[in-house]
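Work through the exercises below with the sequence and coordinates open. Try each task before reading its solution.

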Amino acid sequence: MQEGKKNNTILVPTDFSKVADNAMHHAVAIAKTYGNEILLLHIVEESFLGSLFGSKNNIKEGLVGQMLQDKLNEVCKNIMETSGVKANGIIREGRIYKTILEVASEIDCDSIVMGTMGAEGLGQITGSNSSRVIAQADVPVVVVKEKQIGEGYKNIVFPVDLTLESKQKTWWAIHLAKKFDSTIHIIGEHESDQFLRNKLLANLKAIEEVLIKNNVKFSSKILDNEKYPGKFYLDTLQYADEINADLIMIMTQQEKGFSEFLIGSYAQQIVNYHSSVPVMCIVPRNTGLVPVGWSGI
């Protein structure tokens with residue numbers, strides 16, 4: 001998905017549950033569109049090993065490990081046969097979020113696509129595990145819930161606040177829009193203060209100009225307090241449901257300043273609050289508006 005990456009592999013944690021399979025389908029669609037490969041990662045938690053064997057064991061060398069690897073191999077074979085996307089699978093032992101981050105770093109992955117609910121290990125992904133992966137990953141994380149990918153990310157919700165980081169998503173939006181023929185739905189929260197309102201409108205206009213320049217379809221809307229009286233994350237989810245959005249695009253952290261959000265809280269609320277819409281979490285860069293590797297867009 002990213003330009004200039006040495007390794008174009010998408011990391012997909014899986015526990016073979018329904019939502020993990022849905023995340024895998026999202027990853028396959030992305031990989032097929034961008035020419036990525038997929039690495040399926042099954043994690044056996046240390047606590048599970050202890051309860052099963054009474055002490056830490058290397059499950060990969062035993063019968064259970066072989067059965068799990070065979071299952072991963074079968075899934076990968078099916079991916080390659082049905083989509084043409086190259087896929088491999090590995091088993092690791094350890095804590096969920098730490099193992100995901102470790103493997104992502106080891107393979108220098110392009111991005112992470114993960115489900116939010118699962119039967120076993122990933123069943124707790126809606127709590128601290130997901131927050132930690134999103135907050136600490138150096139690459140985009142797409143968090144998939146119940147909504148299937150269908151024909152791709154045709155309608156993308158693009159929340160904008162008063163920070164510089166908020167505008168960095170523009171280049172990612174363009175990258176997705178050009179591949180999936182998307183419409184970018186820019187939204188901002190109503191500001192009662194005139195100075196803050198003018199600053200927000202200036203941010204929206206700057207984003208609109210870049211989208212126009214790159215021939216990307218978009219809509220732009222300030223969410224009024226009467227129809228959208230809640231917190232911005234609730235209003236964002238409400239709006240996403242109203243337009244049947246395929247994806248919500250957010251930054252994982254915000255600078256302190258004019259924004260009402262504390263660092264990371266908005267991203268966590270968007271991901272953890274109940275909604276079926278997938279969320280793409282992007283790491284902000286410190287190099288200005290244009291993320292590293294995206295100056296050519």
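**Exercise 1.** In which sense do E5 and strand E10 (residues 279-282) pair, and over how many bridges?

*Solution.* Note that this is a predicted model. E5 and E10 run antiparallel to each other, with three bridges between them. Now locate Val142: its bridge partner in E10 is Met280.

**Exercise 2.** Turn to strand E4 (residues 111-115) and find the sense of its pairing with E5.

*Solution.* E4 and E5 pair in the parallel sense. Four bridges join them. Val113 is the residue that stands opposite Val142 in E5.

**Exercise 3.** Are the two faces of strand E5 (residues 141-144) covered or open?

*Solution.* Take one side: Val141 and Val143 are buried. Take the other: Val142 and Val144 are buried. Both faces are therefore covered.

**Exercise 4.** Classify Cys109 and Cys281 as buried or exposed, then count the disulfides.

*Solution.* The cut-off for buried is under 20% relative accessible area. Cys109 has 1%, so Cys109 is buried. Cys281 has 0%, so Cys281 is buried. The count of disulfides in the structure is zero.

**Exercise 5.** Which residues of helix H8 (residues 232-242) are buried?

*Solution.* Start with the aromatic ones: Phe232, Tyr233 and Tyr239 are buried. Add Asp235, Thr236, Leu237 and Ala240 to the buried list. For the spacing, recall that an α-helix has 3.6 residues a turn, so residues three or four places apart point the same way. Finally, step past the helix: Asn244 follows H8 and has a positive phi, near 55°.

Note on methods: Residues are numbered from 1 along each chain as its sequence is written. This is a predicted model: local features need pLDDT of at least 70, side-chain atom pairs count only at pLDDT 80 or more; totals for chains, interfaces and linings use all residues. Side-chain values use heavy atoms; hydrogens and water are left out. Buried means under 20% relative accessible area, exposed over 50%, partly exposed in between (1.4 Å probe, protein chains only). Two strands pair if DSSP finds at least two bridges between them. A disulfide is a pair of cysteine sulfur atoms within 2.5 Å.
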